[in-house]
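Reader: Could you take me on a close look at one part of this model, the cysteines and the enclosed space around them, and then show how that part sits in the rest of the chain? I would enjoy one connected account.

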Amino acid sequence: MMEFLFIFAWAVFVVVWQAQRRLRRDRRNQARLEQNQREEIKAPPSLHPVIDPDRCIGCGSCVLACPEGEVLGLVRMKAALLQPDHCVGHGRCEAACPTGAIALVLGEKDSGVEVPVMDENFQTRVPGVYVVGELGGIGLIRNAMLQGLQCLEAIAAQPRRRGADYDVIIVGAGPAGLAATLQAAAKGLRYLTLEQNDIGGTILKYPRNKIVMTAPLTLPGYGRIHFKDVRKEELLAEWERIIARTGITIQVRKRVEQVVRREGLLEVFAAGESYTTFHLVLALGRRGIARQLEVPGEHLPKVHYELDDPRAFANRDCLVVGGGDSALECALMLVEAGARVSWSYRQPHLTRAKPRNRQAVAAAVRRGEIQAFLPSVVREITTPAVVLDCEGTDKVIPNDTVFIMAGGVLPFEFLKEIGIEMRTLYGEPVARRRAA
């Protein structure tokens, strides 16, 4: 009898302890949601989850599946997006949900994302033309590479045809283009990969030593890569090893200028030459041409749209314009290199940048290493200074160099010339295969 009472008492203790633990966790998660609302922190316009509370059973599978930590959590026994700005679009939460309560979407109700109209194999409404990776709204390196693999797998499954120079032409040698090239070679396709700059695509424009986020993935002919957080230079070096070991070929410094459809073929014009194919895979970045402020003085040589080597700006007065991760990382790298840094952003709060970047910049501002002007907009750029409009008051600050990190203009004209139909997603699901 005493043994039974002891077991019963222990069971009651465990149940009460677990209930209290869940209650404390629930209160903490609820407080975090309320803080997000006060600070106007929103989900990223890139791929992120939306949860249907009517279908959620509160099992917590999505919470455990997310590799980024406490992005998701349970509030009142329902899954919730606790830290939306932490989400980088892995997509594992969707796959882990047993009831289909999670959908991965692009954009938000008040902030749309324009993407090509595609089917589940990434084919646009132009027959034979595919879009993978960043241009389709998928920014995470692993997911972009996965799309490249899946797209070429679908192309290779189609009957082989003769009468063209190549079975497939791949445009772009960033993550998606590299993966597509590896898959094309592994499937025995006659392929041609063209890159307007050098191998690496948009990543080449990142500053030195920038931390690039990826995740493990198995690549055809090479094996498994195990990176998670890796510096730009390390990732590019790994790609060089991949190319050397697999023997794939990529033609660099060949910008695609025009694509013409004729007699069931696609003719691609690049660097004074033309090639024909049945399938064209566009693995382009979303940055395109750097977005300009269109203010007086923006044409001056002191204005830059990317940062390569921060050390070149030591002991100089630098202004960084923008509120995204690129702008914040640029400011932090300039501080580390010994520059005197000012920072301008049009909003009073940051809602898009990653938490670690926001926290690092906030700490640098407190230490006096960065002079912040929030909210403000650039009114004019002159040789010795910059004029900022700080809520109706002009502020003139001494300046040697301006970094405008305001994103880029998408290559819409090129896509329209091909005939690719675009649409704007406002928090809507995007056609995609589930991540492996």
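Author: Happy to! A residue counts as buried when its relative accessible area is under 20%, as exposed when that area is over 50%, and as partly exposed in between. Cysteine 56 has a relative accessible area of 10%, so cysteine 56 is buried. Please keep in mind throughout that this is a predicted model.

Let us stay with the cysteines. The sulfur of cysteine 56 has its closest cysteine sulfur in cysteine 62, at 6.3 Å, which is too far for a bond. A disulfide here asks for two cysteine sulfur atoms within 2.5 Å. Cysteine 97 gives a second case: the closest cysteine sulfur belongs to cysteine 59 and is 6.2 Å away, so that pair is too far for a bond. With a relative accessible area of 14%, cysteine 97 is buried. For the structure as a whole, the number of disulfides is 0.

Cysteine 62 also helps to place helix H3. Alanine 95 belongs to that helix, H3, and the C-alpha atom of alanine 95 is 8.2 Å from that of cysteine 62, although 33 residues separate the two along the chain. The relative accessible area of alanine 95 is 42%, so alanine 95 is partly exposed.

Now to the enclosed space. The model has 5 cavities of 30 Å³ or more, and the largest of them holds about 120 Å³. Cysteines appear here again: 16 residues line this largest cavity, and those nearest its centre are Cys66, Cys87, His90, Gly91 and Cys93. Two elements, strand S1 (48-51) and helix H3 (92-96), each give two or more residues to that lining. Sorted by class, the lining of the largest cavity comprises 10 nonpolar, 4 polar and 2 charged residues.

Strand S1 leads us on to an open space. The second largest pocket has a volume of about 550 Å³. It is lined by 24 residues, with Ala43, His48, Pro49, Val50 and Leu81 closest to its centre. At least two lining residues of this pocket come from each of helix H1 (2-38), S1 and strand S3 (78-81). By class, the lining of the second largest pocket has 14 nonpolar, 5 polar and 5 charged residues.

Stepping back to the whole chain, there are 9 helices and 27 strands. Of its 436 residues, 50% count as buried. Among contacts with a separation of 6 or more, 68% are between residues 24 or more positions apart.

In soluble globular proteins, nonpolar side chains tend to be buried together. In this model, the largest nonpolar core has 62 residues, and the members that touch the most others are Leu152, Val168, Leu219, Leu280, Val281, Leu282 and Ile420. Helix H4 (residues 141-156) supplies the largest share of this core, 9 residues. Isoleucine 420 makes a good example of contacts across the sequence: beyond its neighbours within four places, isoleucine 420 is in contact with Pro116, Thr124, Val126, Val129, Val131, Leu282 and Leu415.

Between strand S5 (113-116) and strand S6 (129-131) there is a loop that contains phenylalanine 122. Phenylalanine 122 is not a glycine, yet has a positive phi of about 75 degrees. Its relative accessible area is 0%, so phenylalanine 122 is buried. Asparagine 315 also has a positive phi without being a glycine, in this case near 65 degrees. That asparagine, residue 315, lies in the loop between strand S17 (303-304) and strand S18 (317-321). At 58% relative accessibility, asparagine 315 counts as exposed.

One more strand rounds off the tour. Serine 344 lies in strand S19 (residues 340-344), and serine 342 is found in strand S19 too. Serine 344 counts as buried because its relative accessibility is 1%, and serine 342 is buried at a relative accessible area of 10%. Leaving out residues up to four places away in sequence, serine 344 touches Leu319, Val320, Val321, Gly322, Phe373, Ser376, Val377, Val378 and Leu388. With close sequence neighbours set aside in the same way, serine 342 is in contact with residues including Leu319, Val320 and Phe373. Just past Phe373, the peptide bond that joins leucine 374 and proline 375 is cis, with omega about -10 degrees. Proline 375 sits in the loop between strand S20 (370-373) and strand S21 (377-381).

Technical notes:
Residues numbered from 1 in each chain as written. Predicted model: local features only at pLDDT ≥ 70, side-chain atom pairs only at ≥ 80, totals over all residues. Heavy atoms only, no water. 1 Å grid on protein atoms, 1.4 Å probe; cavity = no way out; pocket = protein on both sides within 12 Å on 5 of 7 lines; lining within 4 Å. Points joined across faces, edges and corners; volume = space filled by probe spheres on them. Helix = DSSP H or I, 4+ residues; strand = E, 2+ residues; numbered from the N terminus. Nonpolar A, V, L, I, M, F, W, Y, C, P; charged D, E, K, R; others polar. Buried < 20%, exposed > 50% of the residue type's maximum accessible area, 1.4 Å probe, protein only. Contact = heavy atoms within 4.5 Å. Core = buried A, V, L, I, M, F, W, Y, C linked by side-chain atoms within 4.5 Å.
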